[in-house]
Amino acid sequence: MRKDKMFGAEEEENEINLTPMLDVVFIMLIFFIVTASFIKEAGIDVDRPDAPSADSQDDAAILIAISANDEIWIDRRETEPNAVRGMIERLHAENPKGSIVIQADEESTNEMLVVVMEAAKQAGVTNVAIAALKD
Amino acid sequence: MRKHDFSFGAGDEEENEINLTPMLDVVFIMLIFFIVTASFIKEAGIDVNRPDAPVTETKPEDANILVVITADDQIFIDRRLIDPRAVRANIERLHAENPDGSVVIQASKKSTNKMLVWIMDASRQAGVYNISIADSSA
């Protein structure tokens, strides 16, 4: 019986045991479901200021970037300062537990930073952090 | 012999197997979806809280540590011009005098974010984790 295994004659021996592969696939699936965080990225890269005491912001859900020439980027779009509040309200409704991290460029002015923080406060998000480079 | 892994009884062996293929398809599609949407972003940052009342209305006896950043990125603590490297020592001294006080940073609109984060970092290194930002119209 076993000799015929390679030639497909015997049906009993010919099946591949899928159980180990299924185990691996399920474990990968569970891993990716658990780690999925669905962060709304800002869309631009900024020069973050250095701050060795910065903490990792684990519950960040919305990233808001302020570029060096004071443009505000939310969810991969440039946003007018007076539209920031509406954007934050909409994104915050999708994930009410998440906090906001403002990625402000080193050279951006604090006027824009305060505008965004004020908008976040008016939108009901109390947990706001400013991004910094840890090392 | 192998069939016994899947069969539930002594019935017809061929009929008793569950077809796993559709479930495998679904599981693979879910797996691919979660792999594609996974974004392993870990953003480091410093928490801030906004004071409810403007800083100008708080009374002097509240004795928060007030740090002022002017439009040209100069730092004033206690009405004295402070070198950026001396901010931490100054905050440590004021924090020792009043351990309950938080740091309030009053940043000019034209000051840069770099100086703001520098002061926030300095105050955290000095042991003051309660930091507020107030904008001034200066």
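**Reading the A–B contact in a predicted model**

Mentor: Start with the interface of this predicted model. The contact draws on 44 residues of chain A and 38 residues of chain B.

Trainee: Which elements of chain A each supply at least two residues of the side that touches chain B?

Mentor: Helix 2, strand 1 (55-57), strand 2 (60-66), strand 5 (99-104), helix 4 (110-122) and strand 6 (128-131) do. Helix 2 of chain A gives the largest share, 7 residues. By residue class, that side of chain A splits into 27 nonpolar, 8 polar and 9 charged.

Trainee: Okay, helix 2 of chain A then. How do I check its length against its span?

Mentor: Use a rise of 1.5 Å a residue: the 17 residues of helix 2 (residues 19-35) should span 24 Å, and the end C-alpha atoms are 24 Å apart, so the two agree.

Trainee: And how many residues of helix 2 of chain A are buried?

Mentor: Burial here takes 20 or more other C-beta atoms within 10 Å. For helix 2 of chain A the number is 0, so this helix lies largely in the open.

Trainee: Which strands pair up across the two chains?

Mentor: Look at strand 6 of chain A and strand 1 (residues 43-48) of chain B: they run antiparallel, joined by 4 bridges. Ile130(A) sits opposite Ile46(B) there.

Trainee: What does the rest of chain B look like, going from the N terminus?

Mentor: Its order is α-β-β-β-β-α-β-α-β, which comes to 3 helices and 6 strands. Of its 138 residues, 26% count as buried. Take the chain B contacts between residues at least 6 apart in sequence: 75% of them join residues at least 24 apart.

Terms used: Residues numbered from 1 in each chain as written. Chains lettered and ligands numbered in written order. Predicted model: local features only at pLDDT ≥ 70, side-chain atom pairs only at ≥ 80, totals over all residues. Expected span 1.5 Å × (residues − 1). Buried ≥ 20, exposed ≤ 12 C-beta atoms within 10 Å, placed from the backbone. Contact = placed C-beta atoms within 7 Å. Nonpolar A, V, L, I, M, F, W, Y, C, P; charged D, E, K, R; others polar. Pairing = 2+ DSSP bridges.
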